[in-house]
Amino acid sequence: MNGLQLEFITPPPISKRTLELGVKYSPEFVCMPMKINLGNFIEALEMGADTIVMGGGWGPCRFGYYAQIEKEILQELGYDFQMLVLEAPDSKLKILLRQLQSLGQNVSLWQALKSIKFAWDKLNAVEQVEKGLEYFLPRAVHPDQVERIYQQGLEEIIAARNADQSFKMARQAVQSMQKLELKSQAPLKIGLVGEIYTVLEPAANYEIIKMLGRLGVEVKRTIYMSDWVNDHLLGGHVKPSVRSQLIASARPYLNYWVGGHGQETVGTTVAMARQGCDGIIQIGPLTCMPEIVAQTILPLVSEKEGIPCMTLWFDELTGTAGIQTRLEAFIDMVSRRKYTAGYVKEA
Ligand code: SF4
């Protein structure tokens, strides 16, 4: 946005108030990401935003009509704003550029492309630090130190003025993690699969990656923001895409698209079981249709591929203590299964 010479307002980080606002004004049974989204928009409008840029979508789940419903709710609440909906073009870059045109009117095409490239580089730098957190948190003797370095790394990347600086900050953060005192025992490896927003947004998943890391679990996931951008907006041309492999892995169990990441959830579970993961945790917002479809298939995958699976649903009534207890019980079971003498994983 800076590069496009647009004044922008970042809504405050998601808080209890954000969710309360979203819950108050959303239809009761809509999925939690829309409630959080609506809360974000209200907080941004309160801070003076006059334009909302929102992703669009199509397909069998509800994301495709979020923007339209949110717009109506906000108008009924009396807010005065414009909404620009970027419909995910699924790899037709020309369409995306046409949609972005109205945002880039203050700059030349070259400057606009440079800004997009810078955003892409920052995103990748952030993900390097996230991967550092996922690897070192369960291994560090003092996990607090990993979280501190992670937080500082993110702040330094936010402040970075160019791509080189962003990557330098990410490298420094990971190097600092490498120097920490580490445990001798290898951690359990658990795959985190499910609905993309819940996997990516710590406030929506109650910081599950940190909770698992502190329980001595290395989280493995295939969902990163850069992968979604690469697969759906950039035609899979910028970096190797794993999506087609995941869809192929899902095929014996789920052979068609069910919206969202349902098919990827099944495919990732199969792939991770074959790569030697110790267990799978599927997460999603309560009533998420694609993940409900995947959930009904996971028991079969679990049995055939020999991997324990657990599903956790999140909504506004979820509590941290309940999540923590269920995670502890699952990790305990997975750990006993792995370390019980004589246990042999079925082929
Ligand atoms: S994928 Fe799930 S959470 Fe996302 S919009 Fe669709 S139903 Fe809602």
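**Exercise 1. Locate asparagine 205 and decide whether it is buried or exposed.**

Step 1. Place the residue. Asparagine 205 sits in the loop that joins helix 8 (196–200) to helix 9 (208–214). Helices here are DSSP runs of H or I with at least four residues, strands are runs of E with at least two, and both are numbered from the N terminus. Residue numbers start from 1 along each chain as its sequence is written. The model is predicted: local features need pLDDT of at least 70, side-chain atom pairs count only at pLDDT 80 or more, and totals for chains, interfaces and linings use all residues.

Step 2. Apply the burial cut-offs. A residue is buried if 20 or more other C-beta atoms lie within 10 Å of its own, exposed if 12 or fewer, and partly exposed in between, with C-beta atoms placed from the backbone. Asparagine 205 has 25 C-beta neighbours inside 10 Å, so it counts as buried.

Step 3. List its contacts. Two residues are in contact if their C-beta atoms, placed from the backbone, lie within 7 Å. Setting aside neighbours within four places in sequence, asparagine 205 touches Thr198, Val199, Ile283 and Phe314.

Step 4. Compare chain and space. Asparagine 205 and threonine 320 are 115 residues apart in sequence. Their C-alpha atoms are 9.5 Å apart.

**Exercise 2. For tyrosine 206 and threonine 287, find the sign of phi and the burial class.**

Step 1. Take tyrosine 206. This residue is in the loop between helix 8 and helix 9. Its phi is near 55°, a positive value in a residue other than glycine. Tyrosine 206 has 19 other C-beta atoms within 10 Å, so it is partly exposed.

Step 2. Take threonine 287. This residue lies in the loop between strand 5 (279–285) and helix 13 (289–305). Its phi is near 75°, positive in a residue other than glycine. With 14 other C-beta atoms within 10 Å, threonine 287 is partly exposed.

**Exercise 3. Work out which residues of helix 6 are buried and where they fall around its axis.**

Step 1. Check the length. Helix 6 (residues 143–159) has 17 residues and spans 25 Å from its first C-alpha to its last. That is close to the 24 Å expected at 1.5 Å a residue. The expected span is 1.5 Å times one less than the number of residues.

Step 2. Name the buried residues. They are Val146, Ile149, Tyr150, Gly153 and Ile157. Down the axis of helix 6, these buried residues fall within an arc of 105°, so they line one face. The arc is that of the directions from the helix axis to the C-beta atoms.

Step 3. Turn the helix over. Asp144, Arg148, Glu155, Ile158 and Ala159 are exposed on the other side of helix 6.

Step 4. Find the cover. Helix 5 (109–136) and helix 7 (163–178) are among the elements covering the buried residues of helix 6.

Step 5. Zoom in on valine 146. This residue of helix 6 is buried, with 25 other C-beta atoms within 10 Å. Beyond neighbours within four places in sequence, valine 146 contacts Leu133, Phe136, Leu137, Ala140, Met177 and Leu180.

**Exercise 4. Repeat the analysis for helix 11.**

Step 1. Helix 11 (residues 243–250) has Leu246, Ser249 and Ala250 as its buried residues. Seen down the axis of helix 11, they fall within an arc of 100°, so they line one face.

Step 2. The face turned away from that buried side carries exposed Ser244 and Ala248.

Step 3. The buried residues of helix 11 pack against helix 12 (262–274).

**Exercise 5. Describe how domain 1 meets domain 3, then place the ligand.**

Step 1. Set the bounds. The protein divides into domain 1 (16–102), domain 2 (108–186) and domain 3 (187–347). These bounds come from an automatic or database domain assignment.

Step 2. Count the contacts. 17 residues of domain 1 are in contact with 19 residues of domain 3. Helix 2 gives the largest share of the domain 1 side, four residues.

Step 3. Sort that side by class. It has 13 nonpolar, two polar and two charged residues. Ala, Val, Leu, Ile, Met, Phe, Trp, Tyr, Cys and Pro count as nonpolar, Asp, Glu, Lys and Arg as charged, and the others, Gly among them, as polar.

Step 4. Place the ligand. The residues around the ligand include Cys31, Arg62, Glu195 and Cys288; a residue is near a molecule if its C-beta atom, placed from the backbone, lies within 6 Å of it. The shell holds eight nonpolar, two polar and two charged residues. Domain 1 and domain 3 both give residues to this shell, so the ligand lies between them.
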